[in-house]
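Me: I have a structure to work through. Can we take it one question at a time?

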Amino acid sequence: MSLKRARRLLLAAVVAGACERPVATSPEASVATVVVTPPSGTVLVGGALQLAATPQDSKGTPLSGRSITWSSSATGTATVDANGKVTGVAAGSAAITATSEGKSGAASVTVMAAPVATVTVTPPSGTVAIGATVQLAAALYDASSNPLSRPVAWTSSNASVATVSTSGLVTGAAVGSVTITATSEGQSGSASITVTDVPVATVEVLPPSASIAQGGTVQLTGTPRDANGNALGGRVVTWTSSSTGVATVSASGLVTGVGAGSATITATTEGKSGTSSITVTFVPVASVAVTPPAPSIQVGQTVQLTATPRDASGNPLTGRVVTWSSSNSAVASVSSSGLVTGKAAGSATITATSEGKSGSAAVTITTTPVASVTVAPAAPTILVGGTVQLTATPKDASGNPLTGRTIMWSTSSGAVASVSVSGLVTGVAAGSATVTATSEGKSGSAAVMVTGGGSGGLVTDATAVFTEPFASKPGYLTPVTPQPFGTTITRIAGDNGTSFTFSAGGSGT
């Protein structure tokens with residue numbers, strides 16, 4: 001080896017030894033802040049969002065090699081793992097926090113529900129008989145084909161052919177085809193359903209025979225069945241009687257006995273029939289019970305009586321004709337349905353008769369007492385010689401008007417105002433008087449004011465021309481109410497009782 005080469009090798013070793021010696025550094029910086037990126041974000045339910053956290057010193061210089069812990073403010077909305085990966089759990093908002101050496105930073109994460117992208121209905125097609133059902137199911141998926149659980153609305157394109165429940169249960173109603181659609185968040189899927197008719201093979205009527213009394217009833221049922229004996233729903237059944245004079249039948253199969261004898265009741269649907277043999281027996285009326293047996297009502301009031309024909313054993317009989325009568329219709333009348341109306345105070349026997357048998361109720365009619373008397377108008381004003389008609393209204397304790405009561409009229413001062421038997425008050429002289437109406441010991445009254453008019457002594461006749469509505473003029477009469485221009489007014493002069501007339505448009509003053 002040459003000397004020159006040996007020197008180069010020695011220099012290289014020195015340099016290498018110098019590089020391997022440790023380099024002195026300043027004390028380690030502490031974490032001042034933690035920056036989370038992105039600071040906010042959106043993630044779908046079930047989706048993920050990666051966050052990053054950067055510890056920084058007080059000068060904002062990133063620090064590496066520091067431990068970071070992650071947490072979520074709402075784990076029911078979003079969770080976060082040890083690496084800052086956020087997973088959406090349910091729609092809502094959550095704060096995701098990164099912490100290092102006691103310092104924290106956070107990001108706001110919004111979790112959104114994944115929208116429905118497709119709806120699949122199974123089975124996609126099917127056949128169902130009238131009255132039968134088929135269950136459909138709807139599966140919902142997001143854009144990534146992830147299954148979703150959302151509310152589903154079901155509709156039928158023709159409810160007269162097939163209906164569908166809120167759970168997707170389809171019921172055949174009539175022969176035909178229909179589209180059943182499931183919709184969620186604006187997305188739809190459908191199934192094609194064909195409704196077929198299962199023919200009726202037989203009609204079973206239960207009970208197959210029955211015996212009822214005249215006026216009695218029995219409920220029959222008609223069940224259409226297919227060739228295998230399976231009951232068929234949704235079929236229209238019509239009912240008929242071979243003898244309506246013996247027994248009638250309603251549209252629902254309720255049989256009523258009309259007269260003694262036998263009748264065949266038939267149930268028919270789609271050309272197939274079944275029957276039941278009905279025997280009607282006659283049970284005579286043995287007695288008639290009337291309730292209530294002794295009611296008491298006031299004049300003008302009513303009470304409903306009920307008559308129940310019974311057989312010899314006391315059993316009620318239906319469908320029997322009942323007639324009603326009153327022993328004294330002037331006291332109490334009775335309608336054909338047993339409604340009794342009080343006419344006058346007294347007693348009457350109300351009788352119900354059926355098939356020659358009778359029952360009765362003793363009805364007492366009382367008079368409603370007068371509790372008060374109201375007189376109207378309550379405070380009239382009339383002129384001497386003028387009149388006013390008073391009206392008296394007797395009332396019961398509840399304030400209801402009473403009719404047909406006798407009214408007696410009187411005046412506290414006949415020299416001021418007189419009153420007739422009908423309540424007509426006449427002004428006699430200026431002043432006031434109380435006119436009283438009395439009925440059955442109860443009274444009401446009106447305060448009557450009688451006024452006189454005129455001035456300046458004897459007035460035999462006067463004609464005045466009014467250019468404005470007449471209310472009150474010095475030296476003239478003051479009428480009860482203002483009179484318009486053009487009205488003829490006849491009153492009594494107050495000084496000597498002589499009458500005179502004010503006539504619009506006349507001559508003089």
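Me: In what order do the four strands of the open sheet stand?
Reply: This is a predicted model. The pairing in this open sheet is mixed. Its four strands come in the order β2-β9-β8-β5.

Me: Which strands stand at the edges of the sheet?
Reply: An edge strand here has a single partner, so one side is left without a neighbour in the sheet. That fits two strands, β2 (40-44) and β5 (69-72).

Me: What is the average twist from one strand to the next?
Reply: Take the sheet β2-β9-β8-β5 again. From one strand to the next, the twist averages 25°.

Me: Which residue in β9 stands opposite G41?
Reply: Strands of a sheet pair through backbone hydrogen bonds, either parallel or antiparallel. β2 and β9 (residues 103-112) run parallel, joined by five bridges. Opposite G41 in β9 stands V109.

Me: Is the peptide bond from T122 to P123 cis or trans?
Reply: Most peptide bonds are trans. P123 lies in the loop between β10 (118-122) and β11 (125-129). Omega from T122 to P123 is near -10°, and the bond is cis.

Me: What is omega for the cis bond that joins A376 and P377?
Reply: P377 sits in the loop between β38 (372-376) and β39 (381-383). For the cis bond between A376 and P377, omega is about -5°.

Me: Is E355 buried, exposed or partly exposed?
Reply: E355 is in the loop between β36 (346-354) and β37 (357-366). Its phi is positive, about 50°, although E355 is not a glycine. Buried means under 20% relative accessible area, and exposed means over 50%. E355 has 39%, so E355 is partly exposed.

Terms used:
Residues are numbered from 1 along each chain as its sequence is written. This is a predicted model: local features need pLDDT of at least 70, side-chain atom pairs count only at pLDDT 80 or more; totals for chains, interfaces and linings use all residues. Side-chain values use heavy atoms; hydrogens and water are left out. Two strands pair if DSSP finds at least two bridges between them. Axes are lines fitted to C-alpha atoms, for helices over the stretch in contact, and angles run from 0 to 180 degrees between N-to-C directions. Buried means under 20% relative accessible area, exposed over 50%, partly exposed in between (1.4 Å probe, protein chains only).
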